[in-house]
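This report describes the fold of one protein, beginning with the order of its elements and moving on to its sheet and a helix contact. The structure is shown below.

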Amino acid sequence: MKTPENSSNLLQGTLDLLILKSLALEPMHGLGISRRVGQITKGAFDVKAGSLFPALHRMEEAGWLASEWGESENKRRAKYYRLTKAGQKQLGVEKEQWNKVSTAIATALRAS
């Protein structure tokens, strides 16, 4: 169970990577993306609408995502997002950057 004391904060840029990764398999609406991020991080990150939707809009403006209106599982109108070719390329860039940063931090933490 998450509490304010133990919930994780997303590092700047990490949300983009998690959104891109979530959309790598199939298009999803916002709530689906939020659920998928929780799923792929085993509950470590709970992305709220106030963070998610501005990020989706920014990423769409950057050309990494495209969207179209559709019907959700519960028959409501929902905006579905999908990766563009530029988004697929950006996912690779984000993964590479994350691997470099996480390796550097791990190295620093092992230093005596």
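## Fold and packing

Read from the N terminus, the elements of the protein follow the order α-β-α-α-β-β-α. The model is a predicted one. In total, the protein contains four helices and three strands. Its chain has 112 residues, of which 33% count as buried. Of the contacts between residues at least 6 apart in sequence, 52% join residues at least 24 apart.

**The sheet**

The three strands make up an open sheet, ordered β1-β3-β2, with antiparallel pairing. β1 (28-29) and β2 (65-71) are the edge strands, each of them pairing on one side only. Strand β3 covers residues 77-83 and joins β1 in the antiparallel sense through two bridges. Between β2 and β3, the antiparallel pairing extends over seven bridges. Residue pairs that stand opposite each other, or are bridge partners, are listed here, with the β3 residue in the second column.

| Residue | Counterpart in β3 |
|---|---|
| M28 | Y81 |
| H29 | Y80 |
| S67 | Y81 |

Y81 of β3 thus appears twice, standing opposite M28 and also opposite S67. As a general point, side chains in a regular strand alternate between the two faces of the sheet.

The connection between β2 and β3 is a hairpin with five residues between the strands. Within this hairpin, K75 adopts a positive phi near 65°.

**The contact of α1 with α4**

A pair of packed helices is described by the angle between their axes and the distance between the axes. Helix α1 comprises residues 14-22 and helix α4 residues 85-110; their axes come within 9 Å and cross at roughly 130°. An angle over 145 degrees would count as roughly antiparallel, and 65 to 115 as roughly perpendicular; the crossing angle therefore makes α1 oblique to α4. In handedness, the crossing of α1 past α4 is left-handed.

Which residues of α1 and α4 meet? On the α1 side they are T14, D16, L17, L20 and K21, and on the α4 side G87, Q90, L91, E94, K95 and W98. By class, the residues of this contact of α1 with α4 comprise four nonpolar, three polar and four charged.

Taken together, the description covers an open sheet with the strand order β1-β3-β2 and an oblique packing of α1 against α4.

Definitions and conventions: Residues are numbered from 1 along each chain as its sequence is written. This is a predicted model: local features need pLDDT of at least 70, side-chain atom pairs count only at pLDDT 80 or more; totals for chains, interfaces and linings use all residues. Side-chain values use heavy atoms; hydrogens and water are left out. Two strands pair if DSSP finds at least two bridges between them. Axes are lines fitted to C-alpha atoms, for helices over the stretch in contact, and angles run from 0 to 180 degrees between N-to-C directions. Angles under 35 degrees count as roughly parallel, over 145 as roughly antiparallel, 65 to 115 as roughly perpendicular and the rest as oblique. A crossing is left-handed if the near helix is turned anticlockwise from the far one by less than a right angle, and right-handed if clockwise. Contact means heavy atoms within 4.5 Å. Ala, Val, Leu, Ile, Met, Phe, Trp, Tyr, Cys and Pro count as nonpolar, Asp, Glu, Lys and Arg as charged, and the others, Gly among them, as polar. Buried means under 20% relative accessible area, exposed over 50%, partly exposed in between (1.4 Å probe, protein chains only).
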